[in-house]
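Trainee: I am new to this structure and would like to go through it slowly, one question at a time. Could we have it in front of us before we begin?

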Amino acid sequence: MKKYDVVALGELLIDFTDNGLSTQGNRLFEANPGGAPCNMLAMLEKLGAKTAFIGKVGNDFLGRMLKEKITAAGINADRLFLDDKIPTTLAFVGKRPDGDRDFAFFRKPGADMMLTTEEAVASAEIIRSSRLFHFGTLSLTDEPVRSATKKAVDIARDSGLLISFDPNYREPLWHSRNDARKAMEYGFSVCDILKIADNEIEFYTGETDIASGAEMIQQKFAIPVVFATSGAAGSSVFYKNTAVSADGFINPDTIETTGAGDTFCACAVSYLLQKDISHLTEAELKECLVIANAAASIITTRRGALAVMPSKEDINSFLIERGIHFKI
């Protein structure tokens with residue numbers, strides 16, 4: 001028996017999310033704990049998984065607040081390192097007129113970029129004590145965290161862990177689009193489970209047909225399971241010679257989409273960890289998508305993500321209200 005179900009490495013930061021206007025007409029931003037890997041772990045904890053995080057924040061009041069938040073969410077923070085020189089990474093998340101998000105990052109540098117190979121090696125015991133290792137591309141943008149990430153992946157692969165990967169592409173953080181593509185290719189080449197959004201598929205493959213692009217990536221890199229998400233339009237999964245799709249849930253209470261992809265990813269990974277990944281049925285794949293779509297829809301009705309992830313009861317009630325009787 002492993003001590004942890006999932007260990008993730010990557011960015012932990014403050015998402016300052018748009019919260020309307022003050023009485024003086026100034027834009028208000030709410031300081032929410034964020035970062036895709038920890039958002040995912042927080043959702044996994046809600047689903048009953050045991051998780052651990054490897055990363056770095058500044059030794060400042062924001063970094064210390066983040067450590068308190070992930071610990072309160074149940075995530076093991078023994079390998080959350082504090083940097084005395086570089087401040088905690090910040091992201092400001094605004095809303096565009098079309099409802100999409102606009103990001104402004106304060107990360108030149110940010111503490112999450114400062115994780116070292118030595119610190120990854122010092123985290124080896126936690127990695128080896130886990131069933132699955134998860135990461136994204138934000139820890140591949142710069143050194144030293146790029147080398148630290150690859151070292152951790154090597155430890156995970158040598159220890160026989162499943163590996164999941166979510167590109168989580170954020171263009172402003174990359175020196176060039178080619179660098180981002182190379183990072184994606186690295187993730188594709190080492191993962192067993194890929195969660196990728198429609199815009200990322202189009203970015204990497206040039207394909208506007210999401211199914212064709214996802215299949216192209218799966219076949220080129222021989223990835224066992226590929227989840228492709230298209231926001232409220234729904235999601236698909238590509239497994240061996242099977243492709244399954246499920247409609248999304250249009251939620252009239254949606255206020256923002258921060259964390260929706262991370263919530264989906266956590267539910268998908270949680271579901272697969274309860275199954276034999278080498279023998280998945282079409283019915284199981286469909287159930288996985290519906291549950292993950294439901295959870296992602298719920299999180300869009302809440303500001304932030306990490307601290308407000310939906311519970312099992314929330315998801316089950318959401319599905320029952322829509323006449324769906326899958327139960328997690």
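Trainee: Which strand gives the most to the lining of the second largest cavity?

Mentor: This is a predicted model, in which local features need pLDDT of at least 70, side-chain atom pairs count only at pLDDT 80 or more, and totals for chains, interfaces and linings use all residues. Residues are numbered from 1 along each chain as its sequence is written, and side-chain values use heavy atoms, with hydrogens and water left out. A cavity is a set of points on a 1 Å grid over the protein atoms alone where a 1.4 Å probe fits but cannot get out, and its lining residues have an atom within 4 Å of a point. The lining, which includes Val93, Gly94 and Lys95, takes its largest share, three residues, from strand 6.

Trainee: How much space lies in the largest cavity?

Mentor: The structure holds two cavities of 30 Å³ or more, and a volume here is the space filled by probe spheres set on the grid points, which are joined across faces, edges and corners. The lining of the largest one includes Glu11, Met40, His134 and Asp262, and its space comes to about 70 Å³.

Trainee: Which helix gives the most to the largest nonpolar core?

Mentor: A nonpolar core is a set of buried Ala, Val, Leu, Ile, Met, Phe, Trp, Tyr and Cys residues joined through side-chain atoms within 4.5 Å, where buried means under 20% relative accessible area, exposed over 50% and partly exposed in between, with a 1.4 Å probe and protein chains only. Among the 59 residues of the largest core, Leu12, Phe53, Ile70, Phe227 and Ile315 touch the most other members. Helices are DSSP runs of H or I with at least four residues, strands are runs of E with at least two, and both are numbered from the N terminus. With eleven residues, the element that gives the most to this core is helix 10.

Trainee: In which loop is Ala222 found, and is this residue buried or exposed?

Mentor: Most residues other than glycine have a negative phi, whereas Ala222 has a positive one, near 50 degrees. Ala222 is in the loop between helix 8 (210-221) and strand 11 (225-229), and because its relative accessibility is 62%, the residue counts as exposed.

Trainee: What is omega for the cis peptide bond that joins Glu143 and Pro144?

Mentor: Pro144 has its place in the loop between strand 8 and helix 5 (145-158). The bond from Glu143 to Pro144 is cis, and omega is about 5 degrees.

Note on methods:
On a 1 Å grid over the protein atoms alone, a cavity is a set of points where a 1.4 Å probe fits but cannot get out, and a pocket is an open set with protein on both sides within 12 Å along at least five of seven lines; lining residues have an atom within 4 Å of a point.
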